[in-house]
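Trainee: I would like to go through this model and ask what stands behind each label.
Mentor: Go ahead.

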Amino acid sequence: MWRSQIFWRLSGAYCILLAISLGILGWVLVNRIETRLLAEIRHNLEMKTLLIDEITARQTDTNLQQPITRLAELTRTRITLIAADGKVLADSDERPERLENHLERPEVQAAKISDSGVGVSTRFSTSVHQPMMYVARRQKTESVRYVRAALPLDAVAHEIRWLGRGVWTATGVTLLVGLALSLIIARRLSAPLVELSAAARSIAQGDYGKRVSVGSGDEVGALASTFNEMSQACAAYIAQMDQDRQQLLAVFKSMVEGVLVLDADQTIRFLNDAAGQLLGTTPEAARGQKIWQHFRHRHLGEAVDKILASAEPYCCELEWFPLERKVLAVQGACLPGQPLRGAVLVFHDITHVRMLERVRQDFVANVSHELKTPLAAIQATVETLLDGALQDPEHNVRFLERVRENADRLHRLVHDLLTLGRIESGQEVMEMGPVPLQSAIESCVSRQADRARAKGLQMIQAPPPPAPVLALADEDALAEILDNLVDNAIKYTPAGQITLRWFANGSDAMLQVEDTGVGIPERDLPRVFERFYRVDKARSRELGGTGLGLSIVKHLVQKLNGNITVISEIGQGSTFTVRLPRAEA
Ligand code: ADP
């Protein structure tokens, strides 16, 4: 309150007004009283001169001193009788002969010429050494004389001083009371305004919803109540905005797409976590930086320029290399509003989509290529036969066998493609149940034994573990997995043995197919499960491989909630290990 300017202005203004008006009032009062007093004294002196005139009118000039002195004593007035030539005939305070000629005295001069015969003068008396009021009257005797009554004004001045003191004391007291009242009034008037100003400052500092007390029903009260409504509306609005902002932030946080907001001079104002991850930065590091300065990516810079230059949304693709190569689709648009406020960019990671597209294209190319070779061979052989080789008993059977070989190859290829397609599309229904690994392996051995024997290979089943191991799997799928692995082992083992093992490992059921064959170079190991990937194409084709076997195995194992790994050494052999969940677990 004491620091409030409005309070001091109001109270100051009241005090100055009060002081000025009381000062003027006091001054006017004292002046009027003084004037009144002097007028009364003058009237009094006039009356006295009239009486003296009456009393002395018939007396001669010579014996006037005594009655004059007597009258002066009675009326407490100095009385002088002056002859027409100005000679003092009698004086109540001085002996007449000691007094100089009084004709030039202003009151005598005034009485001489005025119609009423009365003259007044107020001046300092040199004979009695004090201010006096003189009233002279022209006597209407035979010889003109002047009766003069005079009164010292000391008493009047004293009385006026006393009166003035009273008036000024009263004025001072009134001023003090007025001062206190003006402080109270100023406080009452300024208090709501001070409170309003403090509340407005609090709101400006973020304390939304601040209320003030509505004291009176006047304009200030109305202002306070409007302020409260405004503050409440402001708080509700800010709360709503905050809620919206939180929702928006939660949405941005949960988005897979990266969102980046720029202002008009390309300073990054916001980016969500996904954008940070996609672009290889953090929101904290990027915020406040120029986009071209932070990322130093020419194509991104060009895209931002185009987005900011056009009102239409802009889309493009970028290659991004934070750690690994990524393909990002960028969609950008300017923020609404004039002048240009900035732009928002949305980033989608389409690396996977592009990779799948490439895989699909590769797949189509591979399939076409794989189909083309045997078909071309069949076509050429059939044409040779038709061109006459059919009649050649030495070669026609060999040609027909080549047709059959290629037709078999085509059949295997189509069969593998269909199987892979079924598994990948999820059409293959898995009937999961406990499958004893021992019986699965024994069945596989019995199916493949002839082929192994024909190649002079030894098929060994490792000694069974003490307790039977049951895998939670689909029996047919498991048979297919084993057949493929053993088939490969037979194909890629020129001589030696194939060992099949199974055992439990915690909650896993493990299967191993080990051979002593050609082995797989280390750099090819990660890729052997890809479709159509073959370490040695010629050898694979020669051995009747399609390049799809391990791919089918990998997909089947994944469907059975397991995984497959391989270790291999060139010339020493390979070991494929399949891990499946145990049925007991
Ligand atoms: P393929 O029909 O050609 O055998 P797969 O998908 O079954 O196709 O195998 C892919 C490639 O992995 C084969 O071409 C071969 O080079 C290699 N491979 C698979 N199994 C073995 C193995 N037991 N020993 C050596 N190489 C193997």
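Trainee: Which backbone oxygen does the side chain of S11 reach?
Mentor: The side chain of S11 reaches the backbone oxygen of W8, at 3.4 Å. A polar contact needs a pair of N or O atoms within 3.5 Å, so the pair counts. Bear in mind that the model is predicted.

Trainee: Why is S11 called buried?
Mentor: Buried means under 20% relative accessible area. S11 has 2%, so it counts as buried. S11 sits in helix α1 (residues 5–56). Leaving aside neighbours within four places in sequence, S11 is in contact with S182, L183 and A186.

Trainee: What makes the protein chain more spread out than a compact globule?
Mentor: The chain has 15 helices and 17 strands. Its radius of gyration is 65 Å, whereas the globule rule gives 25 Å for 585 residues; the value is well over the rule, so the chain is more spread out than a compact globule. Along the principal axes, the C-alpha trace spans about 205 × 60 × 40 Å.

Trainee: What share of the 585 residues is buried?
Mentor: Buried residues make up 38% of them. The accessible surface of the chain comes to about 33900 Å², and carbon and sulfur atoms hold 56% of that surface. Of the contacts with a separation of 6 or more, 58% are between residues 24 or more positions apart.

Trainee: How do you know that the span of helix α11 agrees with what is expected?
Mentor: Helix α11 (residues 396–425) has 30 residues, and at 1.5 Å a residue these should span 44 Å; the end C-alpha atoms are 43 Å apart, so the two agree. Right after α11 comes G426, with a positive phi near 80°.

Trainee: What covers the buried residues of α11?
Mentor: The cover includes α10 (351–386), α13 (475–491), α14 (537–542) and α15 (549–559). Among the buried residues of α11 are F399, V403, R409, D416 and I423.

Trainee: What span does helix α5 have, and what is expected?
Mentor: Helix α5 (residues 219–254) has 36 residues and reaches 51 Å from its first C-alpha to its last, close to the expected 52 Å. At the start of α5, a side-chain oxygen of D218 comes to within 3.2 Å of the backbone nitrogen of V220. V220 is also one of the buried residues of α5, along with G221, A224, F227, N228, S231 and F252. These buried residues pack against α4 (154–204), β6 (258–263) and β7 (268–271).

Trainee: What makes N488 a polar partner of the ligand?
Mentor: An N or O atom in the N488 side chain is 2.7 Å from an oxygen atom of the ligand. The limit for a polar contact is 3.5 Å, so the pair qualifies. By the same limit, Y492 qualifies too, with a polar side-chain atom 2.9 Å from a ligand oxygen. T546 uses a backbone N or O atom instead, 2.8 Å from an oxygen atom of the ligand. The protein covers 98% of the 530 Å² of accessible area that the ligand has on its own.

Trainee: How many residues surround the ligand?
Mentor: There are 21 of them, and the closest are N488, S540, T546, G547 and L550.

Trainee: Why does V578 count as buried?
Mentor: The cut-off is 20%, and V578 has 1% relative accessibility, so it counts as buried. V578 belongs to strand β17 (residues 573–581). Its C-alpha atom is 5.1 Å from that of L511, although the two residues are 67 apart along the chain. L511 is also among the contacts of V578 beyond four places in sequence, which include I481, L485, V557 and I564.

Trainee: Why is R76 called exposed?
Mentor: Exposed means over 50%; R76 has a relative accessible area of 73%, so the label holds. R76 lies in the loop between α2 (65–75) and β1 (78–83). Its phi is positive, near 50°, and R76 is not a glycine. Most residues other than glycine have a negative phi.

Trainee: What is the peptide bond between Q338 and P339?
Mentor: It is cis, with omega about -5°. P339 lies in the loop between β9 (326–334) and β10 (342–349).

Technical notes. Residues numbered from 1 in each chain as written. Predicted model: local features only at pLDDT ≥ 70, side-chain atom pairs only at ≥ 80, totals over all residues. Heavy atoms only, no water. Helix = DSSP H or I, 4+ residues; strand = E, 2+ residues; numbered from the N terminus. Expected span 1.5 Å × (residues − 1). Buried < 20%, exposed > 50% of the residue type's maximum accessible area, 1.4 Å probe, protein only. Contact = heavy atoms within 4.5 Å. Polar contact = N/O pair within 3.5 Å; in protein donor to acceptor, adjacent residues only side chain to side chain. Near = heavy atom within 4 Å. Areas by Shrake-Rupley, 256 points an atom, 1.4 Å probe, with all protein chains shown as cover. Rg over C-alpha atoms; globule rule 2.2 N^0.38 Å.
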